[in-house]
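Please open the model in your viewer and keep the selection panel at hand. The tour below proposes one selection after another and says what is to be found at each.

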Amino acid sequence: MLFPDLQPKRGALPEGIDLRCCDVAEVLSVASGARLVTADPPWIYSQAPGVADPSLQYDVLKMPEIAGVVNRAADCAHPDGCRLALWNTWPQLGEWVEVTVGMGKEWRWGRILSGGSWHKSGPGGVGYHWIGDSEPVLLYKVGAPPCGRWDSLKNAHNSAREDHSAKPMEWMRGWLRRWTDPGDLVLDLYAGLGSVAVACALEGRRYIGAEIDPERHRRAVLRVEEAYNRR
Ligand SMILES: C[S@@+](CC[C@H](N)C(=O)[O-])C[C@H]1O[C@@H](n2cnc3c(N)ncnc32)[C@H](O)[C@@H]1O
């Protein structure tokens with residue numbers, strides 16, 4: 001059932017969906033009480049020059065900077081607990097663990113709790129050792145976030161590739177149903193084309209997220225509006 005406050009509006013994002021065109025620092029300074037933080041950072045893929053190079057698509061960030069931002073998001077958590085779902089990549093995973101373990105007690109999200117993977121089908125996919133057809137997502141928590149629904153959310157998801165970097169919205173709708181309640185706040189650090197914002201609009205969760213690139217932000221807003229008005 002849709003969150004009752006989410007009324008359709010013409011030419012505007014649904015109520016409760018705050019998708020900003022700004023640096024992530026801005027949303028970190030205002031968000032509070034998040035039940036779920038999602039992050040799909042703009043990693044640098046030094047080993048994949050050419051068509052797969054994300055720096056051709058958007059601003060990329062060095063790993064310590066990404067770790068600092070993800071860490072600060074713990075300040076935006078609900079006092080009773082919050083999960084973090086962090087999209088990673090297989091080639092970056094080792095360095096990510098090194099960087100966060102190297103932060104010692106400064107690292108707020110503790111150990112990796114669990115993980116899942118998205119298996120992508122369809123044309124595309126690049127890689128050095130093999131063609132990358134899957135992406136890992138790591139799960140962390142602070143506090144003791146509840147898990148109210150014991151339905152069949154799986155930690156592996158198969159679906160077709162979408163636009164460059166867009167993540168599987170249907171799977172993430174399942175995360176929302178499992179890990180949050182209607183009206184809960186979801187903080188999305190790097191919104192991209194707005195997949196998490198669409199999922200929140202359709203599942204009646206409040207959303208705040210940042211996308212720094214005006215053109216990607218414009219496309220994300222359109223995506224949310226279209227999905228919401230079509231529902
Ligand atoms: C991997 S993409 C996210 C894709 C997203 N998960 C989706 O489904 O569309 C990373 C995004 O972070 C954005 N970005 C880079 N630096 C940023 C910053 N400092 N603040 C906010 N967004 C940033 C990029 O423009 C890019 O769209």
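## Salt bridges, then the ligand

In this predicted model, begin by selecting Arg-223, which is partly exposed, with a relative accessible area of 25%. Add Glu-162 to the selection: the two residues form a salt bridge in which the closest N and O atoms are 3.7 Å apart. The pair links distant parts of the chain, since Glu-162 sits in the loop between strand E6 (156–160) and helix H4 (169–179), Arg-223 belongs to helix H6 (residues 214–230), and their positions lie 61 residues apart in sequence. Glu-162, like its partner, falls in the partly exposed class, because its relative accessibility is 38%.

Select Arg-173 and Glu-203 next, whose side chains meet in a salt bridge with an N to O distance of 2.7 Å. Arg-173 is in helix H4 and Glu-203 is in helix H5 (residues 195–203), so this pair ties together parts of the chain that are 30 residues apart in sequence. Are these two residues buried or exposed? Arg-173 is buried, with a relative accessible area of 17%, and Glu-203 also counts as buried, at 9% relative accessibility.

Move on to Arg-108 and Asp-75, where the side chains form a salt bridge of 2.8 Å, again taken from N to O. Arg-108 lies in the loop between H3 and strand E4 (114–121), whereas Asp-75 lies in the loop between helix H2 (63–72) and strand E3 (81–87), so the salt bridge ties together parts that are 33 residues apart in sequence. Colouring by accessibility will separate the partners: Arg-108 is partly exposed, with a relative accessible area of 40%, while Asp-75 counts as exposed at 52%. The structure holds 12 salt bridges, and the pairs visited so far are among them.

For a linked set, select Asp-40, Lys-120, Glu-135 and Lys-167 together, as these residues are joined in a network of salt bridges. Within this selection, focus on Glu-135, which is placed in strand E5 (residues 134–143) and counts as buried because its relative accessibility is 12%. The side chain of Glu-135 also makes a polar contact with the side chain of Lys-167, at 3.3 Å.

Keep Asp-40 selected and display the ligand. A nitrogen atom of the ligand is 2.6 Å from an N or O atom in the side chain of Asp-40, so that a member of the salt-bridge network is also a ligand neighbour by the 4 Å cut-off. On the oxygen side, one can find a ligand oxygen 2.7 Å from a polar backbone atom of Leu-193, and a ligand oxygen 2.5 Å from an N or O atom in the side chain of Ser-195. Taken alone, the ligand exposes 610 Å², of which the protein buries 97%.

Now expand the selection to the whole shell: 22 residues surround the ligand, and the closest are Asp-40, Leu-193, Ser-195, Glu-211 and Arg-216. Coloured by residue class, the shell divides into 11 nonpolar, 4 polar and 7 charged residues.

Finally, turn to the surface and select Val-97, Val-101 and Ile-112, which make a nonpolar patch of about 240 Å². Val-97 lies in helix H3 (residues 90–102) and counts as partly exposed, because its relative accessibility is 34%.

Technical notes:
Residues numbered from 1 in each chain as written. Predicted model: local features only at pLDDT ≥ 70, side-chain atom pairs only at ≥ 80, totals over all residues. Heavy atoms only, no water. Polar contact = N/O pair within 3.5 Å; in protein donor to acceptor, adjacent residues only side chain to side chain. Areas by Shrake-Rupley, 256 points an atom, 1.4 Å probe, with all protein chains shown as cover. Nonpolar A, V, L, I, M, F, W, Y, C, P; charged D, E, K, R; others polar. Patch = residues over 30% accessible without salt bridge, like charges linked within 9 Å, V, L, I, M, F, W, Y side chains within 5 Å. Helix = DSSP H or I, 4+ residues; strand = E, 2+ residues; numbered from the N terminus. Buried < 20%, exposed > 50% of the residue type's maximum accessible area, 1.4 Å probe, protein only.
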